[in-house]
Amino acid sequence: MEEIEIKQRSLASVKRARLKEKKINPDGEKKEFKKILREVKIPEQITIQELSNRMAEKSNDIIKFLLNMKVIATINHVIDKDTAEYIVKEFGHTAVLDEQPSLEKGKIKEKLEGDIQSRPPVVTIMGHVDHGKTSLLDSLRDSNVVSGEHGGITQHIGAYQVITENKKIITFIDTPGHAAFTEMRARGSKITDIVVLVVAADDGIKPQTIEAIKHAKAAKVPIIVAINKCDLPEKNISKIKNEMMQHELIAEDLSGDTLFVEVSALKKINLDKLKESILLQSEILDLKASFSANAKGVVIESKIDKGKGPVSTILISNGKLKKGDFFICGDTWGKIRAMINYEGKNVNEALPSMPVEILGMNDTAFAGAEFLVTKNEDEAKEMSEFKKNNSAKSQVLVKDKTTLFDEAKDKEELNIIIKSDVQGSSEALKMAINKIEHKEVEAKIILSDIGMINETDVSLAKASRAILVGFNVKPNREAKKLAEEQKVDIKYFNIIYEALEYVTKSLSGLLEPDIKETVLGSAEIQKVFKVSNAGKIAGSKVMNGEIKSKSKARIIRDGVVVYSGEIQSIYREKNQVKEVGTGLECGISLKDFIDFKEKDVIESYLAEKIQRSI
């Protein structure tokens with residue numbers, strides 16, 4: 001009874017609530033809630049989930065909106081600020097671009113402060129392969145670099161300082177001389193003041209010479225032309241000067257303003273004249289830098305040393321770098337534990353235009369990364385964290401529905417793992433491989449890193465069926481043992497074009513071979529016979545060429561191919577023969593075919609597979 005009373009009371013309360021609602025809203029219409037419009041802060045990149053939270057909108061609605069724009073996405077996808085701003089406006093909210101912490105706080109201001117002095121010029125030596133760039137640098141600093149180079153090709157960027165007779169300093173950067181190092185050569189021209197373009201007196205302008213001119217002009221850097229090998233009897237100086245005019249490099253004796261110096265790296269002729277020309281050009285440029293402000297520079301090279309850890313070669317562009325300074329470099333940070341100069345000596349400070357190898361980085365930095373000294377450790381950490389969060393590594397969503405299916409087309413992929421000794425080589429090799437294009441096959445670099453080949457690399461190569469390329473590096477003992485057990489082939493190279501050649505050959509192996517057909521002859525079926533042990537035999541007359549046993553065959557009926565297979569056997573006067581010539585009659589038996597008809601034509605041919613190459 002009590003339960004019934006409780007139920008009745010609750011029903012009565014529900015009815016009262018409904019009557020009250022009807023009095024307030026007598027027409028029984030649903031209430032309309034006004035949409036709250038918000039100011040939505042948008043950073044450089046944002047996930048769809050985070051954007052929906054900030055807008056207080058359903059993430060499904062945003063995904064549907066993107067789908068209408070032919071963009072496939074999930075809540076975890078990252079979109080850029082422009083796309084996010086467009087979505088926010090379309091949903092009726094106001095987009096407010098999020099102010100990012102400024103990275104300028106640790107940078108040197110345009111106006112130089114402190115102890116301002118003239119700094120040494122930074123000179124990049126460029127030119128065609130085998131025109132004597134490294135030999136020239138060799139002679140300038142009285143050492144022997146080229147003997148240590150594989151195949152006479154500079155594999156890494158080196159930076160050195162040369163002291164002239166009047167105690168002036170010139171910093172030289174030696175860039176690699178192979179076409180595959182275009183990216184590294186381009187970077188060399190960006191951090192330089194003057195370009196010395198080396199041209200062989202007996203060879204003239206080559207494709208890489210033109211390439212070097214373009215890079216130097218793009219960087220708006222003055223060019224000094226060094227005509228090397230001028231001691232050779234087959235030299236042709238006037239030809240080179242005339243060729244250079246096509247590229248707007250006109251010699252002074254031809255009423256131009258480009259300095260031309262005839263030198264010989266081997267005989268050490270006119271090297272002083274080249275140094276004088278460089279110093280003269282640097283005086284015109286009036287190169288100044290602060291010798292007391294916080295240091296700023298660029299990474300020329302970076303590698304992982306077995307005993308030292310991540311090591312980078314930094315070229316100081318402004319300020320004084322001291323031992324113990326905290327710094328940010330790319331998206332990593334660290335503290336200067338030690339500095340080694342180009343002579344291999346430990347130094348406590350580095351001044352503008354000075355290349356030094358630094359120890360104390362927490363991770364490797366890519367070549368070309370900006371180096372910046374910070375006030376303290378906290379500032380270095382904060383800036384590093386911000387750069388990591390905003391790096392291009394984030395997966396930004398810009399997939400169009402139409403291109404999505406194009407990418408899904410059957411394209412054979414060759415997975416590649418690259419391990420190199422230094423960042424520059426790894427980067428250059430990666431760039432060169434990515435330039436190999438073919439509509440049927442594709443090179444896919446799944447890992448490009450520096451350091452020794454380890455067990456993880458071998459396991460990854462096995463799992464992804466990748467080719468493992470070691471450039472100037474070897475595997476450790478454990479990796480070598482695992483590679484032998486897992487039957488993973490590791491290829492080692494120390495010359496870039498050999499590594500490229502190997503990758504190209506491996507890609508060519510994925511291509512479907514071309515089939516070349518050679519028609520041997522044809523025969524017309526005159527009559528079909530039944531043979532108890534052989535089934536149906538086609539009694540035929542050879543019309544032209546010859547019919548060969550075990551060759552490929554096709555049957556043509558009324559101009560249509562009805563069978564493609566193989567000739568099983570040929571009979572002539574009850575004897576099995578290997579071939580039958582023109583005008584002769586024979587019995588032909590085909591593999592897995594008995595539906596012969598009179599007047600059918602049997603064509604005998606050879607199919608040869610020809611391996612294609614990229």
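User: Happy to look at this predicted model with you. If a salt bridge is a side-chain nitrogen of Lys or Arg within 4 Å of a carboxyl oxygen of Asp or Glu, how many salt bridges does a search of the whole structure find?

Analyst: Glad to help! With a salt bridge defined as a Lys or Arg side-chain nitrogen within 4 Å of an Asp or Glu carboxyl oxygen, the whole structure can be searched for such pairs. That search gives a total of 18.

User: Which residue forms a salt bridge with Lys89, and how far apart are N and O?

Analyst: Look at helix 4, residues 81-90, where Lys89 has its partner four residues away, about one turn of the helix. Lys89 itself is exposed because its relative accessible area is 52%, and exposed means over 50%. The partner is Glu85, with N to O at 3.2 Å.

User: Is Asp203, the partner of Lys206, buried, partly exposed or exposed?

Analyst: The closest N and O atoms of Lys206 and Asp203 are 3.5 Å apart, in a salt bridge. Lys206 has a relative accessible area of 28% and is partly exposed. For Asp203 the value is 32%, which lies between the limits of 20% and 50%, so Asp203 is partly exposed.

User: What distance separates the closest N and O atoms of Lys288 and Asp286?

Analyst: Both residues are partly exposed: Lys288 has 41% relative accessibility and Asp286 has 48%. Their side chains form a salt bridge, and the closest N and O atoms are separated by 4.0 Å.

User: Which residues do salt bridges with shared partners join into one network?

Analyst: Here the salt bridges are linked through partners that they share. The residues joined in this network are Glu517, Arg554 and Glu603.

User: Which backbone nitrogen does the side chain of Glu379 reach?

Analyst: Start in helix 10, residues 377-389, where Glu379 is placed. Glu379 is buried because its relative accessible area is 10%, and buried means under 20%. At 2.8 Å, its side chain reaches the backbone nitrogen of Lys375.

User: What is the phi of Asn472?

Analyst: Asn472 sits in the loop between strand 24 (467-471) and helix 14 (477-486). The residue is partly exposed, at 27% relative accessible area. Although Asn472 is not a glycine, its phi is positive, at about 65 degrees.

User: Which residues gather with Lys552 in a patch of positive charge on the surface?

Analyst: Lys552 belongs to strand 29, residues 552-557. At 40% relative accessibility, Lys552 is partly exposed. The other residues in this surface patch of positive charge are Lys550, Lys591 and Lys609.

Key:
Residues numbered from 1 in each chain as written. Predicted model: local features only at pLDDT ≥ 70, side-chain atom pairs only at ≥ 80, totals over all residues. Heavy atoms only, no water. Patch = residues over 30% accessible without salt bridge, like charges linked within 9 Å, V, L, I, M, F, W, Y side chains within 5 Å. Areas by Shrake-Rupley, 256 points an atom, 1.4 Å probe, with all protein chains shown as cover. Lys, Arg positive; Asp, Glu negative; His and termini not counted. Charge placed at Lys NZ, Arg CZ, Asp CG, Glu CD. Helix = DSSP H or I, 4+ residues; strand = E, 2+ residues; numbered from the N terminus. Buried < 20%, exposed > 50% of the residue type's maximum accessible area, 1.4 Å probe, protein only. Polar contact = N/O pair within 3.5 Å; in protein donor to acceptor, adjacent residues only side chain to side chain.
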